[in-house]
Amino acid sequence: MAVNGTSPLTVRFPTLPAHPDPVTDAILDSGLLQELSHAFGGPFHFLLPHRFDANLAALRAVLEEAGVDGRVYYAKKANKAALWIERCAAGGAGADVASLGELHEALGHGVRGEDLVVTGPAKNDELLRASVLQGALTTVDSLDELDRLLARTRAGPHRPARLLLRRLPPAQPESRFGMDGAGIEEALRRCVRAGDTIRMEGFSFHLSGYATRPRADLAGHLVDLCLKARALGLRADRISIGGGLAVDYAAAADWHAFLAAQRPAHYHARKSFPAGGFYPYHSPVAGAAALRAVLAAVPGGGRESLAARLRGTRTALLTEPGRALLDRAGSSVFRVQGVKDRDGYAILTVDGTSLSLSEQWFGSEYLPEPALVTPAGRALGPGTHPACVGGASCLESDLLTWRKVPFPARPAVGDLLVYPNTAGYQMDSNESPFHDLPLPPKVVVEAADGPDTGGGRPRWRLDRRPAR
Ligand SMILES: *Cc1c(COP(=O)(O)O)cnc(C)c1O
């Protein structure tokens, strides 16, 4: 089939390489992954603890440099590994949990109750009770949830329930989360009536999308709400701006060239993906820089930066990043177990399923390209062997990559495909033991140049001990 007048052999398939990552490359070159693939007999994920620590330190440095009293809470839903919670506990960070299971995990791996924020809509009574008993900060999503929380505090000898009121974003009125202006006013009245059975600490929001300006605008509004609440005698000394700090996976030029070039002929079964349906894999302002931009912006209607406004009103800033704390903190490894030739490309089948690459379940595609690791090492060079990647299931729709990725060598059975930067949301939010395939284990890898590896080779351990 000719595309734009060229023969199939000269069709240029667009590429989207992830940013270079020498630490991950060193692990790919070490031989460790082949060994682990052999040992586990299936796919696995590896996690890099030092990256989480560095991302956390960078966010804190931004708060410090802005002179803002603040706190970082890891949004646990982004990855189920125990490791991240252990790093939170070790580093004095908090965690954002949204279920009883997440709360157990966080407490069980050492984060103290008072360092938890409990989010999620219409939390069940067990979660509310545990949150109050643990001295966690409960984000109240609605008036009826507030009433249930107040009933809990009346029901027993507890310490005061710590809470934030979640604001429905005025710019996203279709959001199903939070309370509108009238709801917040009524909630404040009920908080005042509750007296010292509660400690109303402020307000929160979580916005869809990754833009920094709407976050600064809404944060400014929440500071105004805090002043209003303080006038009513409530504590209201902090705001939470939720998560949504972007992650920058790929270079600007590569991303824009990819979006301009990609069309259905570049995908298996001519599947079409609208450019706007992809995660923005390139973000000029991401991670800690995005937090810096939020703090530097002047909220709409105001005259000073958000940072100045927070300082001037003695308001603390809480942030709950998930994806941004996990940037470059892990990869997912699959072994090629079949190669089938099609018209101008190959269909690879790997030893796992697309349930281990969650983006595929949102009508979208995880675009940063997998590295091909052959027994002779990483395949490098121009991509001349296009292939899509299917999962080891009986579903037509089970593709880890619909796109015909141009690999530098012809993939062969036994080669590894290593998807880069998958720790944030890709690894496990949709995983299930479909087809009775075991869930891919998670392996914590300390890079060869890390302080604990005792020289030459990367060192590994399981994220969790195997069940007996
Ligand atoms: C999902 C979520 C987050 C984390 O979002 P990221 O985009 O991963 O940073 C933070 N807060 C709340 C309330 C959330 O629902």
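Where does Lys77 sit in this protein? Find strand E2 (70-75) and then look towards helix H4: Lys77 lies in the loop between the two. Keep in mind as you go that this is a predicted model.

Lys77 is a good place to start. An unreviewed UniProt entry gives it the annotation "modified residue: N6-(pyridoxal phosphate)lysine". Is Lys77 buried, exposed or partly exposed? Its relative accessibility is 48%, and since exposed means over 50% and buried means under 20%, Lys77 counts as partly exposed.

Now step back and take in the whole protein. It has twelve helices and 18 strands. Along the principal axes, the C-alpha atoms fill a box of roughly 75 × 55 × 40 Å. You can also check the overall size with the radius of gyration: a compact globule of 468 residues would have a value near 23 Å, and the protein has 24 Å, so the two agree. Of those 468 residues, 53% are buried.

Next, zoom in on the ligand. There are 13 residues around it, and the ones that come nearest are Lys77, Gly244, Glu320, Arg323 and Tyr425. So here is Lys77 again, this time as part of the ligand's surroundings. What kinds of residues make up this shell? It divides into three nonpolar, five polar and five charged residues.

Some of the atom pairs are worth picking out. Gly244 brings a backbone N or O atom to 2.8 Å from an oxygen atom of the ligand. With Glu320, the side chain does the job: one of its N or O atoms is 2.8 Å from a nitrogen atom of the ligand. Gly322 uses its backbone, where a polar atom lies 3.0 Å from an oxygen atom of the ligand. On its own, the ligand has 390 Å² of accessible area, and the protein covers 88% of that.

From Lys77, follow the chain into helix H4 (residues 82-91), where you'll find Trp84. With a relative accessibility of 0%, Trp84 counts as buried. What lies 9.2 Å from Trp84, C-alpha to C-alpha, despite being 241 residues apart from it in sequence? That's Leu325.

Helix H6 (residues 125-133) is another one to look at. Its buried residues are Leu127, Leu128, Ala130, Ser131 and Val132. Here's a handy thing to know about helices: an α-helix has 3.6 residues a turn, so residues three or four places apart point the same way. Both ends of H6 have something to show. At the N-terminal end, Asn124 acts as a cap, with a side-chain oxygen 3.2 Å from the backbone nitrogen of Glu126. After H6 comes Gly135, which has a positive phi, near 70 degrees.

Two loops finish the tour. Thr315 is in the loop between helix H12 (306-312) and strand E9 (316-319). Its relative accessibility is 3%, so Thr315 counts as buried. The side chain of Thr315 also makes a polar contact with the side chain of Thr313, at 2.7 Å.

The other loop runs between strand E14 (385-390) and strand E15 (399-407), and it holds Cys394. UniProt, in an unreviewed entry, places the feature "active site" at Cys394. Is Cys394 buried or exposed? At 70% relative accessibility, Cys394 counts as exposed.

Technical notes. Residues are numbered from 1 along each chain as its sequence is written. This is a predicted model: local features need pLDDT of at least 70, side-chain atom pairs count only at pLDDT 80 or more; totals for chains, interfaces and linings use all residues. Side-chain values use heavy atoms; hydrogens and water are left out. A residue is near a molecule or strand if one of its heavy atoms lies within 4 Å of it. A polar contact is a pair of N or O atoms within 3.5 Å; within protein, one must be able to donate a hydrogen and the other to accept it, and residues adjacent in sequence count only if both atoms are side-chain atoms. Accessible areas come from the Shrake-Rupley method with a 1.4 Å probe; for residues, only the protein chains shown count as cover. Ala, Val, Leu, Ile, Met, Phe, Trp, Tyr, Cys and Pro count as nonpolar, Asp, Glu, Lys and Arg as charged, and the others, Gly among them, as polar. UniProt positions are given in the numbering used here, feature names are shortened, and annotations may be inferred rather than shown by experiment. Helices (H or I, at least four residues) and strands (E, at least two) are DSSP runs, numbered from the N terminus. Buried means under 20% relative accessible area, exposed over 50%, partly exposed in between (1.4 Å probe, protein chains only). The radius of gyration is taken over C-alpha atoms; the globule rule is 2.2 Å times the number of residues to the power 0.38.
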